[in-house]
Amino acid sequence: MPMASDEGMLTDGQWKKLEVATLKNADNLSSSPKSHPLFADLNIKSPTGGKGPVAGFPFRHVRRTHSGKHIRVKKEGAGGKGTWGKLLDTDDDCFLDKNDPNYDSGEGAYDELVDSPVSDPLDDYKKAVVSVIEEYFTTGDVKVAASDLRELGSSEYHPYFTKRLVSMAMDRHDKEKEMASVLLSALYADVILPDQIRDGFIRLLRSVDDLAVDIPDAVNVLALFIARAIVDEILPPVFLARSKKNLPESSKGFQVIVTAEKSYLSAPHHAELVERKWGGSTHTTVEETKKKISEILKEYVENGDTYEACRCIRELGVTFFHHEVVKRALVLAMESQAAESLILKLLNEAAEEGLISSSQMVKGFNRVAESLDDLALDIPSARKLFDSLVPKAISGGWLDDSFKVNSDQDGRESTQDDKLRQYKKDTVNIIQEYFLSDDIPELIRSLEDLATPEYNPVFLKKLITLALDKKNREKEMASVLLSSLHMELFSTEDFINGFIMLLESAEDTALDIMDASNELALFLARAVIDDVLAPLNLEEISTKLPPKSTGTETVRSARSLISARHAGERLLRSWGGGSGWIVEDAKDKILKLLEEYEMGGVTSEACQCIRDLGMPFFNHEVVKKALVMAMEKKNDGLLNLLEECFGEGLITMNQMTKGFGRVKDSLDDLSLDIPNAKEKFELYVGRAMDNGWILPEFAINDE
């Protein structure tokens, strides 16, 4: 019966293995006996519980290390009885002999396994992301950086990427700091999860003491990064309070949070200040690049030096942006007939040298083709000139032949639809005038004069596209106008189709407007908050867009914005407040005047209050709230106010119909609080129809 080995004794089987091992050539073993699988079966212990010599080895060859462990001492560096031999000896002539009786076919593979280095996935990831970040700082190409990060996989390490990106940028110029913030915003939710962004910043807060050794102003710089992340809405404001609770007050991490709160996020207009703190470097770089391209082309037209122009384009170092060179060159050729031959020569030379790739060339031509209607405002014969340039480029071999089909098709469509082209020209003027005057009733009258409701989606696309390239004031005005148009002229279907048209061209829009996707998401989300669109309409829009496109990602971002806490308030403030809060104030005032009227107010005073609001396009809200309050308070007398308003011409039939329609759409929800809501509404509709308040077809739709 084998003896137990728990007191340092070996079993018979273990002794046999030990004897076989001592007979084998030591060179066939690993340099560390503890790594050999044999030791998995040898539970060798000291008879004294680990404090004495190891059984089977003379005491004089055992010594204690500083850690208290026992190790064996080799005699003259070699082995003795009961040892593994001269373990560190290596014989250059040693090799595995398959004819050896002791040859083990698994030894070769085992040796390879022992010799191969152990790879740590995190170490590999750390090395890879440094290359991704360095390349991004060089090229500024967000899409390539996102693609490279996806290809790395290992998404569980993304918090480290966040930390590494920010820490590398902290020790560089403002340009790289701005680029890091832009990249984080671009990757947020799409590539890196919100929690991973948060965890990355938490790691930065914990390591800021170490960062401060190499970066003297680390506290201030990291505070600005956190403030920027909150302004960009990739970190929630509550991040500050939660971090303060988990950080010692004496730590630099705590100082970072305090600095972010007091120095950056509490100042008036802090969002704009934070966004411009690093000079808006990334956006400025794009604008500067466009300016440099224009200067290069103008100088080339003056001196005709093709070689010099190509050299300057190459020195810009923006191969991904060469489509802008093509676009501006073609526009210059259309503006000046004398420059056409020089421009064609330059583009031909750039293509032959491989300076401008075929894909960039096609993209440049496509961008010009898509903007021909706008160009025609300044260059009346823009389409004719462009159509003459395309065959020359194709015959020269530097534009793909497939482009001709698209160009011809565009030409046929434009010939067939001169009415649409004229409509686009007219609407651009109307929108520009609105941005100057802020006169919504005048804009509505202008659209009514055009009498082309079938083009309403086109107007919506043009309105938002023009607003995207302007300041927050115009963006806010565009959102308010959408609410007004929803009340007066446009159907929900018009808005759905208009946003689909916008999102289908989102990728092209982003070529000219860097943050187009995020801005479009804000417009979509704001439309839902303003009741222009219902949340379900976003799903309908998404199903009509190509999967995994920029458009579908924009819709997903809009859903995220809407589902966030305090979404309504934040979205109304998305472009600095402005007119959005006028609408909210109007809602509050309408509710108060109706409450006063319901409690015994005078009809003439209530009508005057409605008139004083000065928002005739918003009177449908008066109708809606009056009908709902009549149901809730069981006071049908509120309809007397509507009758008086209609009689005075204060509330139009369109506004009445819109108000009744909004109540009809919300009847299911109202029924939860007012069980007889549907019955009451039918009575109200009957009274409205009898008195001619609402359009006759309303009853048909209601059935």
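This is a guided tour of a predicted model, given as a series of selections.

**Aromatic pairs**

Start with the rings. The model holds 11 aromatic pairs. Select Tyr434 and Phe435: their ring centres are 5.9 Å apart and their planes meet at 40°, so this pair is tilted. The angle falls between the limits of 30 and 60 degrees that separate stacked from edge-to-face pairs. Tyr434 and Phe435 are both buried.

Next, select Phe459 and Phe490. This aromatic pair is edge-to-face, with 85° between the planes and 6.1 Å from centre to centre. Colour the two surrounding segments: Phe459 belongs to helix α22 (residues 456–468), while Phe490 sits in the loop between α23 (472–488) and α24 (492–504), so the pair ties together parts that are 31 residues apart in sequence. Phe459 is buried at a relative accessible area of 0%, and Phe490 is buried at 3%.

One more aromatic selection is Tyr125, Tyr157 and Tyr160, which form one cluster.

**Helix α13**

Show residues 306–316, which make up helix α13. Just ahead of the helix body, select Asp305, which caps the N-terminal end of α13. A side-chain oxygen of Asp305 lies 3.3 Å from the backbone nitrogen of Tyr307.

Which residues of α13 are buried? Select Thr306, Ala309, Cys310, Cys312 and Ile313. Viewed down the axis of α13, the buried residues fall within an arc of 160°, so they line one face of the helix. Turn to the other side of α13 to find Tyr307 and Glu315, which are exposed. After α13 comes Gly317, with a positive phi near 65°.

**Arg228 and its surroundings**

Move to Arg228 in helix α8 (residues 218–231). Is Arg228 buried or exposed? Its relative accessibility is 6%, so Arg228 counts as buried. Display the side chain of Glu178 as well: a polar contact of 2.8 Å joins it to the side chain of Arg228. To see the wider surroundings, add Ser181, Val182, Val274, Glu275 and Trp278, which are also in contact with Arg228, leaving aside neighbours within four places in sequence.

For a stop in another helix, select Ile202 in α7 (residues 194–214). Ile202 has 25% relative accessibility and therefore counts as partly exposed. Draw a C-alpha to C-alpha distance from Ile202 to Lys163: the two are 8.6 Å apart in space and 39 residues apart in sequence.

**Thr554**

Go on to helix α28 (residues 550–563) and select Thr554. Thr554 is buried, at a relative accessible area of 0%. What joins the side chains of Thr554 and Ser517? It is a polar contact of 3.0 Å. Ser517 is one of the residues that Thr554 touches, together with Leu503, Leu520 and Ala521, when residues up to four places away in sequence are not counted.

**The second largest pocket**

Now turn on the surface. The second largest pocket has a volume of about 950 Å³. To find its centre, select His486, Thr492, Gly661, Arg662 and Asp665, the closest to that point of the 31 residues in the lining.

Which helix supplies the largest share of the lining? That is α34, with 7 residues. The helices that each supply at least two lining residues are α23, α24, α27 (535–543), α34 (653–665), α35 (667–673) and α37 (697–702).

**Two residues with positive phi**

The last stops concern the backbone. Most residues other than glycine have a negative phi. Select Ala451, which is not a glycine yet has a positive phi of about 55°. Ala451 is placed in the loop between α21 (440–450) and α22. With 55% relative accessibility, Ala451 counts as exposed.

Finally, select Asp531 in the loop between α26 (516–529) and α27. Its phi is also positive, near 65°. Asp531 is partly exposed, at a relative accessible area of 39%.

Definitions and conventions: Residues numbered from 1 in each chain as written. Predicted model: local features only at pLDDT ≥ 70, side-chain atom pairs only at ≥ 80, totals over all residues. Heavy atoms only, no water. Phe/Tyr/Trp six-rings, centres within 6.5 Å; stacked < 30°, edge-to-face > 60°. Buried < 20%, exposed > 50% of the residue type's maximum accessible area, 1.4 Å probe, protein only. Helix = DSSP H or I, 4+ residues; strand = E, 2+ residues; numbered from the N terminus. Arc of directions from axis to C-beta. Polar contact = N/O pair within 3.5 Å; in protein donor to acceptor, adjacent residues only side chain to side chain. Contact = heavy atoms within 4.5 Å. 1 Å grid on protein atoms, 1.4 Å probe; cavity = no way out; pocket = protein on both sides within 12 Å on 5 of 7 lines; lining within 4 Å. Points joined across faces, edges and corners; volume = space filled by probe spheres on them.
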